[in-house]
Amino acid sequence: MTQFTPSRAAGLAQLDDFAPRAAGDYARTRNFDTGGHTNVSRLSPWLRHGLLTEAEVIAAAVRHHGPDLPEKFVTEVAWRLYFKGWLELRPGIWTAYKAERQAAWNDVQTQSGLRQRWEQACTGQTGIACFDHWAAELAQTGYLHNHARMLFASIWIFTLGLPWTLGADLFLRHLLDGDAASNTLSWRWVGGLHTQGKTYVATAENIARYTDGRFNPRDLAQVAPALDGPPLPAPRPCPVSDPFDPSRRSGLLLTDETLYPDPLLDRGLLPATTATLQASAARSYLLVSDRVTQFSRAAISDCTTRLAGHLGPVTACTDVQTVVDWASAAQLEQVVMHHVPTGPAADMLAGLKEALAAQGIALSQQMRPIDQLTWPSATAGFFKFKRVLPDILAQAKTENLS
């Protein structure tokens with residue numbers, strides 16, 4: 001099984017290993033949950049922390065196969081960009097998820113039957129062999145095959161009758177690639193909230209087929225009525241980059257969302273000092289797994305070690321106030337960072353711009369080119385979003401979209 005070493009070098013090595021298989025073999029076998037998961041890329045932990053970028057992953061596949069052959073793989077990478085953009089244009093969905101999750105957790109604490117079913121599901125003691133296997137794999141490795149995640153979510157919601165938000169929370173607490181957008185919106189999709197009214201039903205036949213007969217569960221829910229939810233909000237305008245002046249005395253702020261600041265340095269940023277913010281603990285109100293915490297911490301360390309000599313002194317910050325204190329002590333004129341997408345890190349940094357401005361310090365958030373290209377198209381369903389794929393492929397061959 002892949003060792004998810006939290007370094008950019010390990011991510012690049014995994015990409016080099018997978019890229020030759022990103023076309024025919026991948027398209028034929030990607031839905032099978034087999035031991036070791038060698039039929040899929042397993043790049044998501046590095047993408048989640050920005051140690052690798054979607055742009056360079058797509059570019060590597062195109063270099064090996066040309067722009068047409070790796071279409072299925074590129075489409076799967078595009079789903080990540082789509083979900084990121086869709087949630088960024090509708091941040092209220094993330095806010096609503098957190099509120100509904102809190103309400104569900106309150107119910108768990110006051111309803112003994114619900115608490116017992118929730119605990120059995122989280123610890124893999126439901127008696128549904130495939131589900132219990134996936135729960136154990138999740139806890140032991142920090143990873144699940146994407147198809148297994150969908151099947152797990154369907155059983156959680158429709159067979160076990162548990163609140164979807166608590167399932168999404170379980171994933172966020174344990175997945176090395178736990179991401180606010182992909183995780184929340186995938187659970188909403190299974191439950192019929194993302195594409196409203198359309199649900200995903202886990203069937204014994206499907207599970208048996210895609211696990212090579214390892215599992216053939218009985219007594220799964222035969223129907224999956226869509227969960228109730230309010231109408232989807234209208235999208236807000238896509239964020240854009242702030243003014244950026246590399247001649248000003250600047251500090252770089254790194255979060256565990258985007259640990260590849262090289263494009264900012266290439267644009268002339270010479271940070272006098274750098275601050276880091278680890279947001280893994282903010283994924284949940286419950287304890288996040290040590291595996292996730294350690295991966296995130298080590299990923300930050302890998303970035304600052306790799307770029308030692310280019311970042312100035314590095315300070316670990318824990319909230320808005322410690323970031324402001326760091327910037328003030330360093331007498332910065334501006335703090336530069338990549339735009340932080342909707343999720344735990346953005347929650348932790350809410351109000352930073354105003355707090356820095358009160359000290360006379362500007363905050364310059366820079367959009368990654370691939371996000372600026374794709375997010376404005378995430379206004380509706382994925383099939384509309386796919387219209388931007390030719391632009392991604394064309395620019396991946398000629399430009400740095402990282």
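1. A friendly place to start is Cys 130: at 1% relative accessibility, this residue counts as buried. Please keep in mind as you read that the model is predicted. A second cysteine, Cys 238, is also buried, with a relative accessible area of 18%; that value falls under the 20% limit for the term.

2. How many disulfides does the model hold? The count comes to zero. Cys 130 shows how a cysteine can miss out: its closest cysteine sulfur belongs to Cys 122 and is 16 Å away, too far for a bond. A disulfide would need the two sulfur atoms within 2.5 Å.

3. Next, have a look at strand 1, which covers residues 250–255. Is this strand mostly covered or mostly open? The strand is mostly covered, as six of its six residues are buried. Ser 250, Leu 252 and Leu 254 point one way, while Gly 251, Leu 253 and Thr 255 point the other way. Both sets of residues are buried.

4. Strand 1 has partners that are worth tracing on screen. With strand 2 (residues 273–277) it runs parallel, and five bridges join the two. Within that pairing, Leu 254 has Thr 276 of strand 2 as its bridge partner. Strand 1 also pairs with strand 4 (residues 334–338), again in the parallel sense, over three bridges. Here Gly 251 is matched with Val 335 in strand 4.

5. Now for the aromatic rings. The structure holds 26 aromatic pairs. One of them joins Tyr 26 and Phe 73: the ring centres are 5.4 Å apart and the planes meet at 85°, so this pair is edge-to-face. The two residues come from distant parts of the chain, with Tyr 26 in helix 2 (residues 24–29) and Phe 73 in helix 5 (residues 71–89), 47 residues apart. Are these two residues buried or exposed? Both Tyr 26 and Phe 73 are buried.

6. Some rings are also linked into a group. Which residues make up this cluster? Ring pairs connect Trp 79, Tyr 82, Phe 83, Phe 382, Phe 383 and Phe 385. Selecting these six names in your viewer will bring the cluster up.

7. Finally, one contact between a charge and a ring deserves a glance. The charged end of Arg 149 sits over the ring of Tyr 143, and its distance from the ring centre is 5.5 Å.

Notes: Residues numbered from 1 in each chain as written. Predicted model: local features only at pLDDT ≥ 70, side-chain atom pairs only at ≥ 80, totals over all residues. Heavy atoms only, no water. Buried < 20%, exposed > 50% of the residue type's maximum accessible area, 1.4 Å probe, protein only. Helix = DSSP H or I, 4+ residues; strand = E, 2+ residues; numbered from the N terminus. Pairing = 2+ DSSP bridges. Phe/Tyr/Trp six-rings, centres within 6.5 Å; stacked < 30°, edge-to-face > 60°. Lys NZ or Arg CZ within 6 Å of the ring centre and 35° of its normal.
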